[in-house]
Structures are given as structure tokens and as C-alpha cells.
Amino acid sequence: MFWIIITVLFNLHPSVNTVILDRCVLVRILDKHNVSYSDVGNWVCLALRSANMDTAKRYQYPDSGVTTYGIFQILNTYWCRDDYGENDSCHIPCANLIDDDIKDDLKCALKIHAEHGFEGWIGSKNKCSGNNMEQYTAGCRDEKPVEFLNTKKERKKKFIKGVENQYLLCTAKGYPPPMLKWVYNATEFEGAYTREEVTEDPEEVKLKLIFPETWKKGEKVFMCIAENSLTTEYSSFKIKMLDIPRFPFEIVIPVTLAIMVVILMLSLLFFRIRKYLVKGGLSKAEIEDFEQGFPEKMELNGFAHENIHYQPYDKSFEINAGKLIICKFILR
């Protein structure tokens, strides 16, 4: 009874998520990763006959440590790393091949196929050979011709000379998902110059062409080629290089802000000084009130000292500099 409980608890908390892939799901995954269209049936047959489409399939050969892992049953003796295998040509732990993500399985399987073909799998030649591989993909593909999705504006761009890592982006869709490549003067761009972009639509693919450096001003035309099993399409992208120096935003913006702060401070200082230079610090309105007075507030029968604040300013009492000089001369 005790061992039954332990077994139940162990099964309730499995270390690996087992997923049985649908045949058509695997077909679409293979198409999405640009597996050769004619080989997809063979890959589905391999997964079905060897692992019964089980992503967590693990088989150990009797009386040995030789074990195969995952939906493509990859051997530990040469391709992946566990307690028994040592070569690890795919540079991956074997445990990573029995989860529900088969991208790493497919990457390793394609490496095996590139070196040995389908003969790299034990018994695969007998199980999945012949001309009837179409039965494994039947009903899974709603084939569509290639269609470019780039706008006219995206296909005609202006680059600035001297600016690094400017790029073109080619977007196309179809089913099977098309393979994209960039070409200029019959030369294909590869490696660091191109980068695939992730898309949510399984039928859509994007390929970016990056320009680490620019060229002299002028125009160049680049070609994006999209190809699937139905059609091959071409789309031209025209680039005009502008000889415009790069605007030094990192310097101009801080300097501009500093100048604006200085101007603001000087303006505040100017108005403050002006206030004290004009008639003892009085405003223009205050000066006008002082000169005109407030006759309507004067008491007709009041005493002079009661009305002194409301009387108009009498300019005859002003003493100017000229009079002071004369008086001083007379006193001498």
C-alpha cells in the first residue's frame, strides 16, 4: 500500500511534460522552420514510427546505456549529453530533448540529417522510405502562393550617410511559409548582414537586411526574393543615400537647455532692476495714479492734510539737476 501511494504521488508530479503532437501541427512546425518541403513527410514518419509523436519519448536499449530521446529519438552516444553519452555533437543536454519545446530537438535533428541523411536514425531507412511520404502531410497544408506585404513607402527609403545599422525589412507570407533572401547584383547577403524577425502569423516571415556601414551618396536597388513550393516572387527596394551630417543631439540638446536657463535668469534680473530704476520702483500704473491723483476722493470741506494723499502731483515742486547747480553757484 505504501509503494502504491508513493507511485501515485510521483505520477501526480511528473518531471517532464509529455505532449503528443498532432500530425498536422508537426507539419506546420517543420514548414515554419523552412525544412525542405519534400522532406517533411519523412520527418513526420520518423516522429510517428519512432516516438509515436511523443515529445517526452525516452527509450533505453536493454543491457546498455544507449538511449534515444525526444520526438526524433536522438542518440546519446554521439549527439546529446547525459551520464552515458560523452560526445555531445549538438551541444545540448539529453534532458532538453524530452520537454514540450521541440525547437532544440529539430535543430539537432537537422544537424544529424545534414551529416548522415535519414540513415542517421536506426531503422529509419526501412520504416520511412519509398515514394508515399505524402500520406503523412495529407490534409495538413492549405497551400498559398507567396505575397509581399511591404508598402510602397517601405520599398523606397532614404538613408543618411554615416549612420550605422540602417536596415531594410522584407515581409512576405504564403504557405508553406516562404524562404526569403536578399540579393544585390546577383550576390546573396548572408550571416551578419541578415536577421530573421519573429512574427505571430505562422504563414508570415520577415527578413531584415542590415547595413553596418553606408556608401557614397546615390541610389542602389536591392532585391528581396521569396520562394515556396508554389511560387517565387521578387520585390525591389530602392535606397537613396543622403549626404547629410548627423545632427549632434547629444551635444546640442544640453547646450540649448543651458542657454534657455541663462536667458530666463537674465530676463528675471532685468525686470527686477528695471522696477527699481523707474521712479523709485513704482510701476507705470502707480506713477500715473500718483501724477493724476484722486480728485473724486477729496473732501471739499476737509483740511489740507486730509486730502494730501488724493491731490494731483505738482511738478513745480520738482528739483532738477540744473537748478541744483545754479543754486550751488550762487551760494559760492
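Q: Which residues touch the most other members of the largest nonpolar core?
A: L26, L30, W43, F72 and W121 do, in a core of 38 residues. A nonpolar core here is a set of buried Ala, Val, Leu, Ile, Met, Phe, Trp, Tyr and Cys residues joined through side-chain atoms within 4.5 Å. Buried means under 20% relative accessible area and exposed means over 50%, with partly exposed in between (1.4 Å probe, protein chains only).

Q: Which elements each supply at least two residues of that core?
A: α2, α3, β3 and α4 do. The most comes from α3, which gives six residues. Helices (H or I, at least four residues) and strands (E, at least two) are DSSP runs, numbered from the N terminus.

Q: What should I know about the model before going on?
A: This is a predicted model, in which local features need pLDDT of at least 70 and side-chain atom pairs count only at pLDDT 80 or more, while totals for chains, interfaces and linings use all residues. Residues are numbered from 1 along each chain as its sequence is written, and side-chain values use heavy atoms, with hydrogens and water left out.

Q: OK, back to W121. What does it touch?
A: Leaving out residues up to four places away in sequence, W121 touches W43, L46, F72, Q73, A109, I112 and H113. Contact means heavy atoms within 4.5 Å.

Q: And which residues does the second core include?
A: C170, W215, F222 and C224 are among its 18 residues, and this core is separate.

Q: A109 and I112 came up. Which residues of α4 are buried?
A: D105, L106, C108, A109 and I112. Viewed down the axis of α4, the buried residues fall within an arc of 165°, so they line one face of the helix. The arc is that of the directions from the helix axis to the C-beta atoms.

Q: What covers them?
A: The cover includes α2 (23-32), α3 (40-51) and β3 (74-75).

Q: What sits on the face turned away?
A: The exposed residues K103, K107 and A114 are carried there.

Q: How far does α4 reach?
A: From first C-alpha to last, α4 (residues 103-116, 14 residues) reaches 20 Å, close to the 20 Å expected at 1.5 Å a residue. The expected span is 1.5 Å times one less than the number of residues in the helix. Just after α4, G117 takes a positive phi of about 70°.

Q: Switching topic: how many disulfides?
A: Taking a disulfide as a pair of cysteine sulfur atoms within 2.5 Å, the count comes to five. With bonded cysteines counted along the chain, the pattern is 1-8, 2-7, 3-5, 4-6, 9-10.

Q: What is C108 of α4 joined to?
A: C108 forms a disulfide with C90, the sulfur atoms 2.0 Å apart. The torsion about the S-S bond is 80°, and the link of C90 and C108 is right-handed. C90 lies in the loop between β3 and α4 and C108 in helix α4, so the pair ties together parts that are 18 residues apart in sequence. C90 is buried at 16% relative accessibility, and C108 is buried at 3%.

Q: And what about C24, which cysteine is it joined to?
A: C24 is joined to C140, with an S to S distance of 2.0 Å. The torsion about that S-S bond is about -70°, so the disulfide is left-handed. The pair links distant parts of the chain, with C24 in helix α2 and C140 in the loop between α5 (124-127) and β4 (144-148), 116 residues apart. C140 is buried, at 7% relative accessible area.

Q: C170 and C224 were both in the second core. What handedness does their link have?
A: The link of C170 and C224 is left-handed, with -85° about the S-S bond. C170 is in strand β6 (residues 166-175) and C224 in strand β11 (residues 218-227), distant parts of the chain 54 residues apart.

Q: Last thing: where is confidence lowest and where highest?
A: By pLDDT (the predictor's confidence in each residue, from 0 to 100), helix α1 (residues 2-12) is lowest at a mean of 34 and strand β7 (residues 179-184) highest at 94. Over residues 1-14 the pLDDT is below 50, and this stretch has zero contacts in the model beyond near neighbours in sequence.

Q: What is the average?
A: The protein averages a pLDDT of 80, and 72% of the residues score at least 70.
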